[in-house]
Structure formats: C-alpha cells, structure tokens
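I opened this entry to record what I looked up in the structure, going from strand pairing to single residues and then to the chain as a whole.

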Amino acid sequence: MATLPNPLPRLASDPSGRSLGLQLPPGRLIEAVPEDSSDGPVLWHAEKGAAPGNWTALGGPAGRAGLLPVLVDLGGRGGPETWDLMPGEASYPGDHDAEDVLAEFWEADEEEDEGDRDDEVAEMLAPFGPDWPGPAPSPSLTIDPAACAAQVADSLTDGTRSWPERPHLALVPARRSADIPAAIGWSGPLNHENDVARLCAVLRSWEDRFGIRVVALGFDLLAVSVAAPPTTTEEAEAVAAEHFAFCPDNITQGAGSLRAYAKELVGERTWYFWWD
C-alpha cells in the first residue's frame, strides 16, 4: 500500500512525541509481523486504557503530525500485537471503485446463498432482489464528522458498552480515517476479503457520503462514527444493502433480514461490523 512518511519511528527515541509537537502518555509501538515487507512500527497505542476526552486531547494534535486516532481493543482475543498486521500485503484504497467492490460482494453473497430456499433468500434481501441495487443516497450532514467521531469515541470509553472491552487510544500514519485498516494491515475481515484496502475503498465512499470515521478496531470488529445517518426507512434500507455487501454477517448472523437491520440504522451514529 502507498503510505505517507511514517513519523512513528521517531517515537522510539522520543516517546513523548515532543519533536512531533505532541505530549504523549506512556505507550507502545507495534510492528507488523516479521514476514511483512513493511519497515518500522505501524501504530502506537497508549499503555493506559482510554477515557472520555482522550480522543479530542490527542487526536487533533496528532493529525497535524500525520497521525490519525483510532481506539484499539486489547481485550477479548488480544491487542494489535496479536493481530498479524501485514500492511505490505494491502493494496491502495484509491485504486478501487467502491461501487464495483460492493456490487461484486453483493453478487458473491447472493450466489453463496443459492443453496438456501429461494423464498428465504428473497425475504432476507427484500425489498431488493438478486441484482445489486446501487449506492444509497447521501443524507445531509447534521454534525461535523470530527465532532461526531469524538462523541462516539467518548461513548465507547465511558464504561457503558460491552465492546470494546479494553479500549486504548492508538495513532496510525494514514491519509484519511477510512484508510486506517489498510495502513496497519488489519486482518479482521479475512474470512470475507483478503485485501482490506478494498473495504477501505468503501469506507472512503462512506466518508464522503455519510461523514463516517473509523473509531474502533478489535480482532475482527470495526466501529465507525456516522455524521449523516439515514433518517427514513427507505434511506436506511438502501444503506442496509451496502452493509450486507460489506459485511454479510451483520444480517445473516444478526438481524436476519435487510428490513429488520435497516430499522436499527435510522438515526444511528455508530455502525458496527464483525466478521465471523
């Protein structure tokens, strides 16, 4: 993957980040797996668990240093040091067309379900059929995306959510928030897509249309903030179709149908995805 100059190696000799204009708490630098072709650390995360306010306090200054914030979960199946990070294996998100990626996933997921009864598949995909319905329309922004991301990050670190179990603030060298999974070579969606950059192309499209930001990553879970969520059932159903293509487990192992899932998306400012 094409990358920006990586400021993280400077933290090895300057842990506080003063040379980058930062005041970092004690933290850890995480490398890619040894067999990856990337040089240097791929992310830094704080040793202490994240709390409300951390995102705003560190995220803004880090952005000016070429680093973007994301929460990483050190609970469950372990933190980033156990995730087999391989950014050298990811392509560049900008080389992929989001609609082409979603259409390909939609058709592949629909074909995979051909072994089920046709009426059950039709019910799950309703109000859409086997053909890719196209991208959802873009609602109007109702909040600044950066402010929305900070609010969602605070809600994920205030102790009221079951996930992330142990959120820690991390910093990643990336061009834009949507690129964070590819920048670190995250393998969470491996059972659905080998090249996470293709999913990042979709995240870029959602950044443009819905004001999303990548806020949290776990071993195989992703949470994004949504500054412009769907406001009607019709809009939500169109978004649900994109979510099914992006992460079919949300529907097949969750709500059970696009219509049921869409009801959860109306006005929702946090989207969660997990790959079994």
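Before counting any pairs I fixed the term: two strands pair if DSSP finds at least two bridges between them. I also note at the outset that this is a predicted model, and I read every entry below with that in mind.

**Entry 1: the start of the sheet**

I began with β1 and β2, which run antiparallel and are joined by 5 bridges. Within this pair I found arginine 28 standing opposite histidine 45 of β2. On its way across the sheet, β2 also pairs with strand β4 (residues 167–172), again in the antiparallel sense, over 2 bridges. The bridge partner of tryptophan 44 there is leucine 171 in β4. I then checked how well β2 is covered, and for the strand spanning residues 41–46 I noted that 6 of its 6 residues are buried.

**Entry 2: the sheet as a whole**

In what order do the strands lie in the sheet? I wrote down β1-β2-β4-β3-β5-β6-β7, an open sheet of 7 strands with mixed pairing. The edges are taken by β1 (27–31) and β7 (270–274), and because each has a single partner strand, one side of each is left without a neighbour in the sheet. From one strand to the next the twist averages 30°.

Further along the order I looked at strand β5 (residues 212–217) and strand β6 (residues 221–226), which pair in the antiparallel sense over 5 bridges. Isoleucine 212 has valine 226 of β6 as its bridge partner.

**Entry 3: proline 26**

Is proline 26 buried or exposed? The residue sits in the segment before β1, and its relative accessibility is 64%, so I entered proline 26 as exposed, the cut-off being over 50%. Leaving aside neighbours within four places in sequence, I listed Trp44, Ala46 and Glu47 as the contacts of proline 26. For the pair of proline 26 and glutamate 47 I also noted the separation, which is 21 residues in sequence and 5.9 Å in space, C-alpha to C-alpha.

**Entry 4: histidine 243**

I turned next to histidine 243, which has its place in helix α7 (residues 233–246). Its relative accessibility is 0%, so histidine 243 counts as buried, a class that takes in values under 20%. Which side chain makes a polar contact with that of histidine 243? I found tyrosine 261, with the two side chains joined by a polar contact of 2.7 Å. Setting aside neighbours within four places in sequence, the residues in contact with histidine 243 are Trp206, Pro248, Ile251, Tyr261, Leu265, Trp271 and Phe273.

**Entry 5: the whole chain**

For the chain I counted 9 helices and 7 strands. The radius of gyration is 19 Å, close to the 19 Å that the globule rule gives for 276 residues, so I recorded the chain as being as compact as a globular protein of that length. Taken along the principal axes, the C-alpha atoms fill a box of roughly 60 × 40 × 30 Å.

Of the 276 residues, 54% count as buried, and the accessible surface of the chain comes to about 12,000 Å², of which 46% belongs to carbon and sulfur atoms. Lastly I looked at contact range: among contacts between residues at least 6 apart in sequence, 75% join residues at least 24 apart.

Note on methods:
Residues are numbered from 1 along each chain as its sequence is written. This is a predicted model: local features need pLDDT of at least 70, side-chain atom pairs count only at pLDDT 80 or more; totals for chains, interfaces and linings use all residues. Side-chain values use heavy atoms; hydrogens and water are left out. Helices (H or I, at least four residues) and strands (E, at least two) are DSSP runs, numbered from the N terminus. Axes are lines fitted to C-alpha atoms, for helices over the stretch in contact, and angles run from 0 to 180 degrees between N-to-C directions. Buried means under 20% relative accessible area, exposed over 50%, partly exposed in between (1.4 Å probe, protein chains only). A polar contact is a pair of N or O atoms within 3.5 Å; within protein, one must be able to donate a hydrogen and the other to accept it, and residues adjacent in sequence count only if both atoms are side-chain atoms. Contact means heavy atoms within 4.5 Å. The radius of gyration is taken over C-alpha atoms; the globule rule is 2.2 Å times the number of residues to the power 0.38. Accessible areas come from the Shrake-Rupley method with a 1.4 Å probe; for residues, only the protein chains shown count as cover.
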